[in-house]
Amino acid sequence: SGSSTEFHSRLLQVKSERYSRFTLQPAEDGERHVEVKLSDDAVEDSAGGSPSFRPAPRRQQQSTLCYLALGTLLIFLTGYLLGYLIHRKTQVEPLACGNEPKADAHPEATAGPAHPEATAAPAEVAPLPGAQMDWGDVTQLLTEKLTTEALSKTLSACDLPRRSAGSVEDKFLANHIFKEFQKVEMDPWTDIHYVHQRPNRVRFGADVFEPTGYLAYSATGQVQGKLVYGNYGRPQDLDVLQDKNVSLRDSVLLLRAGQISFAEQVDNAAAKGAAAVLIYPDAQDYQYRADTALYGHVHLGSGDPYTPGFPSFNHTQFPPTKSSGLPKIPAQTITANMATALLRGFKGGLSATYRLGGGENISVEVNNVLVNKEIHNVFGVIKGFVDPDQYVVLGAQRDAWGSGYAKATVGTSVLIELAKAVSEMVEKDGFRPRRSVVFASWSAGDYGSVGATEWLEAYMSSIDKRVVTYISLDGVVVGRGSFVASASPLLYGLLENTMKGVNDTTAHLLSDQLPRLTFLIIYANVCRMRPMSIDDPAYPFLAMSGVPSVSFHFISPNAYMYYGTDLDHKDHLDYQTNHRTSEMAATAAQFAGQMALRLVHDRLLRLDVSRYNGVLTKAVAQIYKRINQLLKGLNPTWLNRARGAFQRATISINNDIRNSNLDDKEACRILNGRIMSVEHALLSPYVSPVETPYRHLLLGRGPHTLASIAETTDMEQLHTPLALATWNLQGCANGMVGNIWDLDEEI
């Protein structure tokens, strides 16, 4: 399966004209333009129809349809009366379907049995179609279907020696996923984008090095400068250099990989006036071969940097533009051997000691080639029976520079098995999710979540208030022994409860020495939350689109160091998991599946708005501290009042939840709408999505954020961002209240 010939012979081209919801239309100039084309069943679904796992039937004449409708109604009434009489005679005990009344089911969902066997023995099979299954039964079914054996088989099928975005292997995998979704009758479709990639070639001074690794989107050109060691390139590292009177202007910074993203390292260096950046893996951080190449990108953003703020369906229809996050200086990764040859060691794991700033100039040349690639996202959906227009998205990156076993293979395999399991639960076991579940396979993730970001940019207006949550499956297994997650505060409670739900399995797999400890002890020792970074695949969903998002990882005490290298393959991950990768993948699938199904199963969304209060209070306190330091008399009281209004709004939502009849479908929909408005309302309406894509007031990046305001040193530059942030926060609080006559009038 590793040869290109075999891939070419087995590859079945994904034909968007036939399978996709997007039809490629040839233009006069030969370009292909993508037009959104809704199928007939998609229109019906938007009106609240029941799931359809098969293509829409052909249109029939109106008279024929009328006769069929009357005949169906007559058969239905006859069957209903017979069933009622038989039921009265046999006195069959009713099925236990939880606390949810059957009246909530969609009318079309009650037209027949869950599967053929239900006709013979209705009292002994799964809940009747349309009935809400008890949550315990849902989790049991999911556990039964997500087996280690199934994950092991899928992992083998998705394990390729290479899978770069837009390559033959990438398309082969896309087609494989498409067919797997077809097998379970999910009516899959594709989403095509045109993106840019930049493979590099680099030469250093008189000694020529040609590293195989590269940093996509690096600036081109040849520069010379004094070599300066800058540790990890964090702001505090570069401040130390300046404190020691080491000039960074026009220098070539040598940086250790780690701690922050490549893009942040290059951006920090450029802000200090550096001419170029070289990044290497230090032996103190990465204990692998010294000739191992690093791959990555240096776009301080996500998506195609040549179509910022708009989709890359066809870049020629937009005026030429560039993302503000593209670096203005050359950057390149080098191996540890190359770094040693240049300096003979500096710090960390290198042997010798040198001055922070070298005496000789070094020449760095980056020759980039701009390549336009066609990439395919693949989607499948299980449609909800009550609120099909609301959906949870599970997504996984499909591409990688090398094998990408932990980075892409595991997540893709988990995605496929989850799609199979949930589809089977609906088709055969009577599970009826209220909301829809979308399974997404993204391409060009290694270039900065390009596939996912372009999809977000393409459908921002329809996504923002319909996507309940995004669950990233990238890198879910990189070891065993500990668990770490990054998420919107709205999802903290769901994460904790889900960990309890998979505790029996998780305790056994996390540590052989802790199989019987209680959840509280396990959670305190092995689970921790960390802030979501800019290179997290879930970050664009949260900070750019205002979608509550989560990414999680099963990890080892010793970090998996092969991400972004050719060494990220099966053998290394198996060693990291003590040869239990398939079991850990099954556990990760259980974890993601339980989170997703809880969100589509319950009437009330499991999103806790009150968890933002602590985050907000801490951010406002930092601004108070900064203003007091500046001693200029600016009053932050208005911001604090907006914080108070936000807190009162969360209390109002929780009070209304306690006082509402949760059996009332419309009441729940109104409450869910208020809950879903929170994350999106925290996006600043006062900044450009092109210049400042991560618009989230608390978790984004840019001068509009509360964190940035708290770091401002110029009082004159503080007034406007502070005022806009105040109104942003107050607007969010007003939106949470729901009724215009209940708005807080303190501001």
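User: What does buried mean here, and what do exposed and partly exposed mean?

Analyst: Buried means under 20% relative accessible area, exposed means over 50%, and partly exposed lies in between, with a 1.4 Å probe and protein chains only. The model is predicted: local features need pLDDT of at least 70, side-chain atom pairs count only at pLDDT 80 or more, and totals for chains, interfaces and linings use all residues. Residues are numbered from 1 along each chain as its sequence is written, and side-chain values use heavy atoms, leaving out hydrogens and water.

User: Why is arginine 528 called partly exposed?

Analyst: Its relative accessible area is 46%, and partly exposed is the class between under 20% and over 50%; therefore arginine 528 is partly exposed.

User: Which residues does arginine 528 touch, not counting those up to four places away in sequence?

Analyst: Contact requires heavy atoms within 4.5 Å. Arginine 528 touches Phe483, Val484, Ala485 and Ile555 on that basis. The C-alpha atoms of arginine 528 and valine 484 are 5.0 Å apart, although 44 residues separate the two in sequence.

User: What makes helix α9 largely enclosed by the rest of the structure?

Analyst: Helices are DSSP runs of H or I with at least four residues, strands are E runs of at least two, and both are numbered from the N terminus. Seven of the ten residues of α9 (residues 262-271) are buried, so the helix is largely enclosed. Among the buried residues are Phe262, Val266 and Ala269. The cover over the buried residues includes α8 (235-243) and β7 (252-256).
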